[in-house]
Amino acid sequence: MTISKFLTSAILIATLAASACSTNNVVHEPQILSPEENTTIQTIMTRRSIRNFADNPVGRDTVDLILKCGINAPNAMNAQQWELRVVDNQKWLTDISNVQTAPSQTESKERNMFRGAPTVIFIAHKPNSFTPIDCGLLGENICIAATALGVGSIVMGGPTSTMNTVPEFTPFIETLGFSQGYELLYCIGLGYALEKPEARPRNEAVIKYVD
Ligand SMILES: Cc1cc2nc3c(=O)[nH]c(=O)nc-3n(C[C@H](O)[C@H](O)[C@H](O)COP(=O)(O)O)c2cc1C
């Protein structure tokens, strides 16, 4: 083989190798991890709603990471018509829970109307037909990221529904400072879990293949 033929072959092989590694040539290989070994599957399957939290709020660096995962959720046209407010001010959480018409606290350990969570994320959207879906996906990313970091979570629609309908709560919504046109949709409590609830049953019959 002449030197020029050798060089041509070498360049061809290098080009083929580079193109096989490029992201445009994704190779679909079988997933070799079992569900038990796959940490993403494990995180999704072990996430549970937490309703009994330790006193200490989640550190803000951890909350930042969790919320960055949240806003990386898929959302229609990447319009990102959501706003998030973090409240880890215990006085704010206690004061709102002391409003006469606040939802009653059924469990003695609860400190506030957000299932006693020491950190609460309020999620608002600029309503259109897609934004509730966007915000739901955002919330699931938050809960999964929290679980992966050892932080407990609870999605709540009850307290925000009361906040939106009972006038005594309006001043509290105003302090959240959402932009014009945005409406409070739901909230997520975060904190360190003092319980490890069993999974609530799921109805697998809802899944059907259409052949
Ligand atoms: C939109 C929505 C609203 C919810 N609102 C409340 C609530 O107000 N209070 C509460 O304790 N749990 C609330 N949950 C949590 C559900 O009860 C919980 O996700 C469900 O029972 C399944 O249990 P798991 O999360 O442990 O799998 C809510 C969940 C969703 C998705």
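**A guided look at a ligand and its surroundings**

Guide: Welcome! In this predicted model, the ligand is surrounded by 13 residues, and Ser49, Arg51, Arg115, Gly158 and Arg200 are the closest.

Visitor: What makes a residue count as near the ligand?

Guide: A residue is near when one of its heavy atoms lies within 4 Å of the molecule. By that rule, 13 residues surround the ligand.

Visitor: What makes the pair between arginine 115 and the ligand a polar contact?

Guide: The cut-off for a pair of N or O atoms is 3.5 Å. An N or O atom in the side chain of arginine 115 is 2.8 Å from an oxygen atom of the ligand, so the pair is a polar contact. Valine 155 offers a backbone N or O atom 3.0 Å from a nitrogen atom of the ligand. Glycine 158 has a polar backbone atom 2.9 Å from a ligand oxygen. As for cover, the ligand taken alone exposes 620 Å², and the protein buries 64% of that.

Visitor: Which elements supply at least two residues of the shell around the ligand?

Guide: Strand E3 (152-156) and helix H6 (158-165) each do so. E3 gives the largest share, with three residues. By type, the shell holds six charged, four nonpolar and three polar residues.

Visitor: Why is serine 49 called partly exposed?

Guide: Its relative accessibility is 25%. Buried means under 20% and exposed means over 50%, so serine 49 falls in between and counts as partly exposed. You will find serine 49 in the loop between helix H2 (39-46) and helix H3 (60-71).

Visitor: What does serine 49 touch, leaving out residues up to four places away in sequence?

Guide: Serine 49 touches Ser153, Ile154, Glu195 and Pro197. Take proline 197: it is 148 residues from serine 49 in sequence, while their C-alpha atoms are 7.6 Å apart in space.

Visitor: Why is threonine 160 called buried?

Guide: Threonine 160 has 1% relative accessibility. The limit for buried is under 20%, so threonine 160 counts as buried. This residue is found in helix H6. Among residues beyond four places away in sequence, threonine 160 touches Phe122, Leu184, Leu185, Tyr186 and Cys187.

Visitor: Why does methionine 77 count as exposed?

Guide: Methionine 77 has 73% relative accessibility, and exposed means over 50%, so the label fits. Methionine 77 sits in the loop between H3 and strand E1 (82-87). Its phi is near 55°, a positive value in a residue other than glycine.

Visitor: Is arginine 115 buried, exposed or partly exposed?

Guide: Arginine 115 is partly exposed, because its 27% relative accessibility lies between the 20% and 50% limits. Arginine 115 has a positive phi of about 55° although it is not a glycine, and it lies in the loop between helix H4 (90-97) and strand E2 (119-125).

Visitor: How many helices and strands does the protein have?

Guide: There are seven helices and four strands. From the N terminus on, they run α-α-α-β-α-β-α-β-α-α-β. Of the 211 residues in the protein, 35% count as buried.

Visitor: How confident is the predictor, on average?

Guide: The average pLDDT is 89, and 85% of the residues score at least 70. Residues 10-23, however, have a pLDDT below 50, and that stretch has two contacts in the model beyond near neighbours in sequence.

Definitions and conventions:
Residues numbered from 1 in each chain as written. Predicted model: local features only at pLDDT ≥ 70, side-chain atom pairs only at ≥ 80, totals over all residues. Heavy atoms only, no water. Polar contact = N/O pair within 3.5 Å; in protein donor to acceptor, adjacent residues only side chain to side chain. Areas by Shrake-Rupley, 256 points an atom, 1.4 Å probe, with all protein chains shown as cover. Nonpolar A, V, L, I, M, F, W, Y, C, P; charged D, E, K, R; others polar. Buried < 20%, exposed > 50% of the residue type's maximum accessible area, 1.4 Å probe, protein only. Contact = heavy atoms within 4.5 Å. pLDDT = per-residue confidence, 0-100.
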